Amino acid sequence: MGRSGISRSLATTLLLAAHIAQAAVQEEHAHEPYPVHVQPGQTLRQALQDATPILVEGRRFHGYTHWNVHWNFWWHSDDAGRCRITRVSTRLRTRIQMPELRTGSAAQQTQFARYARALHQHEQGHVQFGRAAAQAIDQGIAALPEAPDCPTLERQANALGQRLLAGQVAQEKEYDRTTRHGATQGATLD
């Protein structure tokens, strides 16, 4: 009985594994610094405001994170036309814009170092929203149940991806509101 039981168990495990979609999130991260030069008589805040290329809804920001999630999936259709996901590939791309102080007094350099650390921490929070979206989409699509046909499965997978993206974007907006764009995390200037 031992051999027969092991063979059936192994065959069942292999069969189940063959029906579980393969999924993986690939990440690409880019940093895009912009130069900041403090002019004589200028405060660090003024220099940052003058140097920043970041303008969102009419407001200037010193740091910004853009993330994008792109997903692909493959399916298998059986003889009856029923369709299931067999593989998912999800890619997260992030781009963080941050200031890079090139000139300034020793006191401004010290103040900037503290500010830049806190601002970077805040921007990493934005990266985490992109990562959470990518992982949820990747796992969610991989776990979709079999559909009556492939066009239905494709619509379900893409609708799920869009819904999960929208959820993370809403949470990200709340993150900016509650942290006051990083101010409560120490990203403030005197």
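Modeller: Hello! A residue counts as buried under 20% relative accessible area, exposed over 50% and partly exposed in between, for a 1.4 Å probe and protein chains only. Helices (H or I, at least four residues) and strands (E, at least two) are DSSP runs, numbered from the N terminus. This is a predicted model, in which local features need pLDDT of at least 70 and side-chain atom pairs count only at pLDDT 80 or more, while totals for chains, interfaces and linings use all residues. Residues are numbered from 1 along each chain as its sequence is written, and side-chain values use heavy atoms, with hydrogens and water left out.

Colleague: Which elements do the buried residues of α4 pack against?

Modeller: The buried residues of α4 include C150, L153, A157, L160, L165 and Y175. Contact here means heavy atoms within 4.5 Å. By that rule, the buried residues of α4 pack against β4, β5 and α3.

Colleague: How many Å apart are the end C-alpha atoms of α4?

Modeller: The expected span of a helix is 1.5 Å times one less than its number of residues. With 30 residues, α4 should therefore span 44 Å. The distance between its end C-alpha atoms agrees with this: 43 Å.

Colleague: What is the phi of R180?

Modeller: Most residues other than glycine have a negative phi. R180 comes right after α4 and is exposed because its relative accessible area is 56%. Its phi is positive, near 50°.

Colleague: Is H181 buried or partly exposed?

Modeller: H181 also belongs to the segment after α4, and its phi is positive too, near 55°. Because its relative accessibility is 30%, H181 counts as partly exposed.

Colleague: How many salt bridges are there?

Modeller: A salt bridge is a side-chain nitrogen of Lys or Arg within 4 Å of a carboxyl oxygen of Asp or Glu. E28, R91 and R93 are linked in a network of such bridges. By this rule the count is seven.

Colleague: How many residues apart in sequence are the parts tied together by R82 and E146?

Modeller: The closest N and O atoms of R82 and E146 are 2.6 Å apart, which fits a salt bridge. R82 sits in the loop between β4 and β5, and E146 in the loop between α3 and α4, so the pair ties together parts whose separation in sequence is 64 residues.

Colleague: And is R82 buried or partly exposed?

Modeller: Its partner E146 is partly exposed, because its relative accessibility is 38%. R82 has 33%, so R82 counts as partly exposed.

Colleague: Which helix holds both R177 and E174?

Modeller: These two side chains meet in a salt bridge, 2.6 Å from N to O. R177 is exposed because its relative accessible area is 57%, whereas E174, at 37%, is partly exposed. They are three residues apart, about one turn of the helix, and that helix is α4.

Colleague: What is the N to O distance between E100 and R102?

Modeller: E100 is partly exposed, because its relative accessibility is 32%. R102 is partly exposed as well, at 45%. Their side chains meet in a salt bridge with an N to O distance of 2.8 Å.

Colleague: Which residue takes a positive phi in the hairpin of β4 and β5?

Modeller: Two strands pair if DSSP finds at least two bridges between them. β4 and β5 pair in the antiparallel sense over 14 bridges, and S77 has C83 in β5 as its bridge partner. The hairpin has five residues between the strands, and the one with a positive phi, near 95°, is G81.

Colleague: How many aromatic pairs does the structure hold?

Modeller: Rings of Phe, Tyr and Trp (its six-membered ring) pair if their centres lie within 6.5 Å; planes under 30 degrees apart count as stacked, over 60 as edge-to-face and the rest as tilted. The number of aromatic pairs is two.

Colleague: What is the angle between the planes of F73 and W75?

Modeller: The F73 and W75 rings are 6.0 Å apart, centre to centre. They form a tilted pair, and the angle between the planes is 45°.

Colleague: At what angle are the planes of F129 and Y175?

Modeller: The ring centres of F129 and Y175 are 5.3 Å apart, and the pair is tilted because the planes lie at 55°.

Colleague: Which helix holds F129?

Modeller: The pair links distant parts of the chain, 46 residues apart, with Y175 in α4 and F129 in α3.
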